[in-house]
Amino acid sequence: MYKLIAALAFASLAFAQHDTAGQPPEGKLAEQVYKNIVELKGVPADQIGPAMQFISASLGVNCEFCHVQGKFDADDKGAKKTAREMIAMQNMINKNAFRGRTQVTCNSCHRGASHPVGVPQVLESDAMPGAAGMGAPPAGGAQGPTADQVLEKYVTASGGAEAMGKVTSRAMKGNILVGGNSTPIEVLTKAPNKRVSISQMGGNNSYTAFDGTAGWLGTTGRPARGMSAAESAASSIDAEFYLPLRLKEIFPQLRRGRPETVNGAECEVLNGSAPGKPAVRLYFDKSTGLLTRLVRYADTPLGRNPTQIDYADYKTVDGVTIPMRWTLARPNGRFTIQLTDVKSNAPIDDARFAKPVGEVK
């Protein structure tokens with residue numbers, strides 16, 4: 001939880017350094033918005049926050065490890081100088097050894113520790129060592145299903161294209177669980193790609209929305225802020241009302257990966273990428289054909305930040321099988337949404353998804 005607090009603290013500081021209520025001005029570079037930028041000169045200003053979150057997660061530290069609270073531009077701490085040297089080293093390695101592709105990152109060596117471990121660990125039991133997390137190829141060299149076959153099974157398991165087409169909106173209610181606390185949440189979705197979630201926090205409503213074109217965030221009594229291009233691209237995937245039917249269109253280059261086990265279920269894996277969209281990895285339950293996990297990756301100047309969404313508790317509502325529970329996890333925090341009520345084809349005005357002008361009511 002301390003990482004989440006640190007990330008939020010950094011975000012608050014970042015937004016305070018310019019006079020707009022949201023992301024840094026579009027098109028501005030880091031050195032035009034923030035003070036004392038050295039190794040990240042030339043980087044878009046809205047990528048500084050994600051880059052700092054990447055460092056925090058990779059080293060398992062908070063902002064104060066490198067920065068002086070309230071004086072983020074100060075060079076008082078040696079760790080900040082070291083961080084700059086490490087960024088320069090990473091960039092040099094990737095340039096010289098990997099033709100500029102980001103293959104080596106902070107996490108390559110640190111793995112969640114402030115100091116890399118250079119010595120292999122000894123065995124703590126009689127169990128034979130294995131390549132954890134690598135995923136096993138199909139048994140006996142057998143060929144698995146193609147990407148198209150995996151998607152076809154997903155569509156069928158979801159109820160089929162005809163049943164999905166008969167539903168054009170959903171009004172859902174439930175609870176969001178964060179750090180052991182549960183609060184009410186309402187999620188409204190509308191075809192083809194509009195979505196807003198409204199959660200109650202401390203007597204105020206918190207909004208996360210995608211209006212069909214761009215995303216925005218807001219809290220009661222404060223001006224709404226637009227999402228960055230990267231945030232909107234991620235939010236657009238969450239807002240896809242007919243996701244099973246649209247995956248091949250969104251990600252034309254879907255490739256089959258190694259099968260993996262997720263929460264005890266054997267899964268087929270598809271990897272997808274497309275211009276303007278975050279790279280994704282999709283996990284489909286071999287038995288049911290349903291989507292069990294989606295991992296999307298947001299590029300930062302230093303590496304990729306992952307967001308993992310697990311889908312569970314599938315129920316059939318008006319002919320369409322949908323997840324009633326999803327758990328979203330990032331390096332700096334996680335939450336679970338559990339739905340208790342779903343109404344199909346509920347009348348929802350498009351204004352519910354539009355970014356408010358001025359303060360959020």
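**View 1. Cys 66 and Cys 63, two cysteines that don't pair up.** The sulfur of Cys 66 sits 9.3 Å from the closest cysteine sulfur, the one in Cys 63, and that is too far for a bond. Keep in mind that this is a predicted model. A disulfide would need the two sulfur atoms within 2.5 Å. As for its surroundings, Cys 66 counts as buried because its relative accessibility is 15%.

**View 2. Cys 109 and its closest cysteine partner, Cys 106.** Here the gap between the sulfurs is 9.3 Å, again too far for a bond. Cys 109 has a relative accessible area of 49%, so it goes down as partly exposed. Looking across the whole structure, you'll find zero disulfides.

**View 3. The largest nonpolar core.** This core has 38 residues, and the ones touching the most other members are Leu 247, Phe 251, Leu 270, Leu 282 and Phe 284. Zoom in on Leu 282: setting aside neighbours within four places in sequence, its contacts include Leu 247, Leu 254, Leu 270, Leu 291 and Leu 294. Glu 268 and Arg 293 are also among the residues in contact with Leu 282.

**View 4. A second, separate core.** This one is made of 16 residues, among them Val 33, Ala 51, Val 61 and Cys 106. In soluble globular proteins, nonpolar side chains tend to be buried together.

**View 5. A methionine patch on the surface.** Met 86, Met 89 and Met 92 make a nonpolar surface patch of about 270 Å². Met 92 belongs to helix α4, which covers residues 78-97. With 47% relative accessibility, Met 92 counts as partly exposed.

Methods:
Residues numbered from 1 in each chain as written. Predicted model: local features only at pLDDT ≥ 70, side-chain atom pairs only at ≥ 80, totals over all residues. Heavy atoms only, no water. Patch = residues over 30% accessible without salt bridge, like charges linked within 9 Å, V, L, I, M, F, W, Y side chains within 5 Å. Areas by Shrake-Rupley, 256 points an atom, 1.4 Å probe, with all protein chains shown as cover. Salt bridge = Lys/Arg side-chain N within 4 Å of Asp/Glu carboxyl O. Helix = DSSP H or I, 4+ residues; strand = E, 2+ residues; numbered from the N terminus. Buried < 20%, exposed > 50% of the residue type's maximum accessible area, 1.4 Å probe, protein only. Core = buried A, V, L, I, M, F, W, Y, C linked by side-chain atoms within 4.5 Å. Contact = heavy atoms within 4.5 Å.
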